[in-house]
Amino acid sequence: MPSSTSPDRGDDLEACVLRFSDLDLKDTGLIDPSSHLKAQLDHSTKKKYSFAKKKAFALFVKTKEVPASAFECKEKWWKCCQQLFKDKIGIHRHVATQHADEICHQTASILKQLAVTLSSSKSLKSSDKRDLLKEYLTHDHEMSAWLPDTSCFSPNKLIGGQGIDEGEVLLYYCYCDLEDPRWICAWQTALCRHLHLTGKVRIAAEGINGTVGGSKLATKLYVEVMLSCPLFKDYLCKDDFKTSKGGAHCFPELRVGVFEEIVPMGISPNMISYKKPGIHLSPGEFHKEVEKFLTLASQEQSDTILLDCRNFYESKIGRFQGCLAPDIRKFSYFPSYVDKNLELFRDKRVLMYCTGGIRCERGSAYLKAKGVCKEVFQLKGGIHKYLEEFPDGFYKGKLFVFDERYALSYNSDVVSECSYCGVQWDQYKLCSTPQCCQLVLSCPACQGQGFTACCVTCQDKGSRQASSPAQNSFKEECECTARRPRIPRELSLQARLLVNKEPGSDVGEDVQLLM
């Protein structure tokens, strides 16, 4: 298991792992059930005890494996107490009920080994300490040691139902230096599959960014594992995980990968680092700032810009009142947008926001690096956290999400309209023409008349494909993308204050649901 390093905490190995200086681990005191040992620990150490116990459990089960050739089978079997177990659930239940004392002893042994490691590391340089930590964490190469024990749960409970009220979707990110992103990728893949989670997880040397869906039990276990992992425990807290109704059905599959950036801004993290972001404001603080901004803006006295860092199809169905919403297709266009409209931000206070906060981390760092703004602020936790606290606040409309739900609703406001007839409507559907990645706002009445494509060009493509099945591929570009400038230039702040758009504009909304 790789280690996580931070320039601020490199000299404090104890802060990266565990503290056991006050723990009595004499063998004579470990004959009681493991709960007695756990009771001796303070709150901060209980999480580390849980890690050691899981490791001890996995090691014990590993010793009970029977070589495949012994029974002429390819699957793993286990033998313990003269009983043969052909599945993990059986051996896990047996060990948990019949060998609690042995697991307790093994747990204490692991804790003592780590205590010795920490003690001997006090005289080492910070780089040596990181290597020591890495050596300890990678001592057991079995991925199962880093997966939660689910043997006490039935498969049906872990997988859960497919109803939207029976599952959950998690959204989170964590910026921290990771030495071995590919190991994290393999572990995250194993962890999500173990918990029957679907979704998308991006991993890079700068951290991790994920949105996963599954049963409420599965997402709860996932959060517990992430919070107890030595790589993330000093950076993540429970409040960093945003939750919404959903489940595994919200994603077509599980995709976990290693990238240069955990959110694609298109600029190397070595050039613009997450370590130099704007000032974080809590939802309550941001709410007060927006209230002040709207009051002064109405009097034309404001020196503040309320900046939406999302793509145009996101802000179209929901946004903060009075915001500046760039007409861009991708976040990777954001730096060019800032460069092209730099004078707009000169001597301004900028309040930035996005869905969950991650785009603002590096987006604010980029804007700050330009050196033209008075101050740059960002909404901590993004719109997601703001709406949890202020569902009827200054954000109006739906919150766009990158999964098959498309949007979350926290209030009854509808700020967009049907692209064909202009009636209020904010429920996206994909263009009916295959291979087109545009999103369409078409009300039920217009859909009933066959208006299901993003534009006339795509409607024609669909007709031609229906009459000629062999012609099954078309370019994504159509009228919707052709008439939209890649990087728009803002004439003035007043011209871009987004309140309402004229009906019929932006017939198709382009989005690729990719991480």
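How many cavities of 30 Å³ or more does a search of the whole structure find? Here are my notes, bearing in mind that this is a predicted model.

1. The cavity count first. Searching the whole structure turns up 5 cavities of 30 Å³ or more. The largest cavity comes out at a volume of about 100 Å³.

2. Next, what surrounds that space. The largest cavity is lined by Phe51, Lys54, Ala145, Trp146, Leu147, Pro148, Trp187, Val225, Ser228 and Cys229. Helix 3 (43–63) and helix 10 (216–228) are the elements that give two or more residues to this lining.

3. As for chemistry, the lining of the largest cavity splits into 8 nonpolar residues, 1 polar and 1 charged. Lys counts as charged, and Lys54 is among the lining residues.

4. Now the sheet. There are 4 strands in an open sheet, ordered 11-15-14-12, and their pairing is parallel. Strand 11 (279–281) and strand 12 (304–308) sit at the edges with a single partner strand each, so each has one side left without a neighbour in the sheet. On average, neighbouring strands here are turned by 25 degrees against each other, ignoring direction.

5. If you want one pairing to look at in the viewer, try the strand 12 edge. Strand 12 pairs with strand 14 (residues 349–353) in the parallel sense, over 5 bridges. Within that stretch, which residue of strand 14 stands opposite Ile305? Val350 does. In general, strands of a sheet pair through backbone hydrogen bonds.

Terms used. Residues numbered from 1 in each chain as written. Predicted model: local features only at pLDDT ≥ 70, side-chain atom pairs only at ≥ 80, totals over all residues. Heavy atoms only, no water. Pairing = 2+ DSSP bridges. Axes fitted to C-alpha atoms, helices over the stretch in contact; angles between N-to-C directions. 1 Å grid on protein atoms, 1.4 Å probe; cavity = no way out; pocket = protein on both sides within 12 Å on 5 of 7 lines; lining within 4 Å. Points joined across faces, edges and corners; volume = space filled by probe spheres on them.
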